[in-house]
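I opened this notebook to record what I looked up in one structure. My two topics were the surroundings of the ligand and the pairing of aromatic rings.

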Amino acid sequence: MIFMASKTPIPVPVAPKTRPKADDGGSVVLERRTQKTKPPQMYQVVMLNDDYTPMEFVVVVIQEFFNKDRETATQIMLKIHLDGKAICGVYSRDVAATKVDQVQDAARQAGHPLQCVSEPIE
Ligand code: TYC
């Protein structure tokens, strides 16, 4: 009689995600491994000063796109005005890039030269 290998292959057992280790009694214990996944790189969105964009416009943009209350937005705007730049928020790469696009689209539409950039932190 001919036997056909037509059955689904039996799955091979997968090794546990722990490292086997012999102890003194000859038995095997499983040591828990430490987490090796790194946290994702975060990005700060930095807004830059210029001589033309109205202060009120900057305050509204910071409130709108960075979810700040008016007081906080005003403080950030004044820091940019005085220091040349300030961080408006910290986000994952894609969210930070979206914030930059949103600010620049709003500035372009209103005819202001307002600029902001995303930069990796640490
Ligand atoms: N310097 C601008 C002015 O005097 C105000 C301003 C603040 C512009 C912050 C840009 O990111 C900015 N009208």
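The entries below follow the order of my reading.

Entry 1, the model. I noted at the outset that this model is predicted.

Entry 2, the shell around the ligand. Which residues lie around the ligand? I listed Met47, Leu48, Asn49, Asp50, Thr53, Met55, Val58, Met77, Ile80, His81 and Leu114. By class, I recorded seven nonpolar residues, three polar ones and one charged one. I then turned to the elements and found that β3 (43-48), α1 (55-66) and α2 (70-83) each contribute at least two residues to this shell. The largest share, three residues, belongs to α2.

Entry 3, polar atoms at the ligand. I looked up the distances to nitrogen atoms of the ligand. For Asn49, an N or O atom of the side chain is 2.8 Å from a ligand nitrogen. For Asp50, a backbone N or O atom is 2.7 Å from a nitrogen atom of the ligand. For His81, a polar side-chain atom is 2.9 Å from a ligand nitrogen. I also recorded that the ligand on its own has 350 Å² of accessible area, of which the protein covers 88%.

Entry 4, aromatic rings. How many aromatic pairs does the structure hold? I found one. The ring centres of Phe66 and Tyr91 are 6.4 Å apart and the planes stand at 40°, so I entered the pair as tilted. Phe66 belongs to helix α1 and Tyr91 to strand β4 (residues 85-91), so the pair ties together parts 25 residues apart in sequence.

Entry 5, burial of the pair. Are these two residues buried or exposed? Phe66 is buried, at 2% relative accessible area. Tyr91 also counts as buried, at 16% relative accessibility, because the cut-off for buried is under 20%.

Notes. Residues are numbered from 1 along each chain as its sequence is written. This is a predicted model: local features need pLDDT of at least 70, side-chain atom pairs count only at pLDDT 80 or more; totals for chains, interfaces and linings use all residues. Side-chain values use heavy atoms; hydrogens and water are left out. A residue is near a molecule or strand if one of its heavy atoms lies within 4 Å of it. A polar contact is a pair of N or O atoms within 3.5 Å; within protein, one must be able to donate a hydrogen and the other to accept it, and residues adjacent in sequence count only if both atoms are side-chain atoms. Accessible areas come from the Shrake-Rupley method with a 1.4 Å probe; for residues, only the protein chains shown count as cover. Helices (H or I, at least four residues) and strands (E, at least two) are DSSP runs, numbered from the N terminus. Ala, Val, Leu, Ile, Met, Phe, Trp, Tyr, Cys and Pro count as nonpolar, Asp, Glu, Lys and Arg as charged, and the others, Gly among them, as polar. Rings of Phe, Tyr and Trp (its six-membered ring) pair if their centres lie within 6.5 Å; planes under 30 degrees apart count as stacked, over 60 as edge-to-face and the rest as tilted. Buried means under 20% relative accessible area, exposed over 50%, partly exposed in between (1.4 Å probe, protein chains only).
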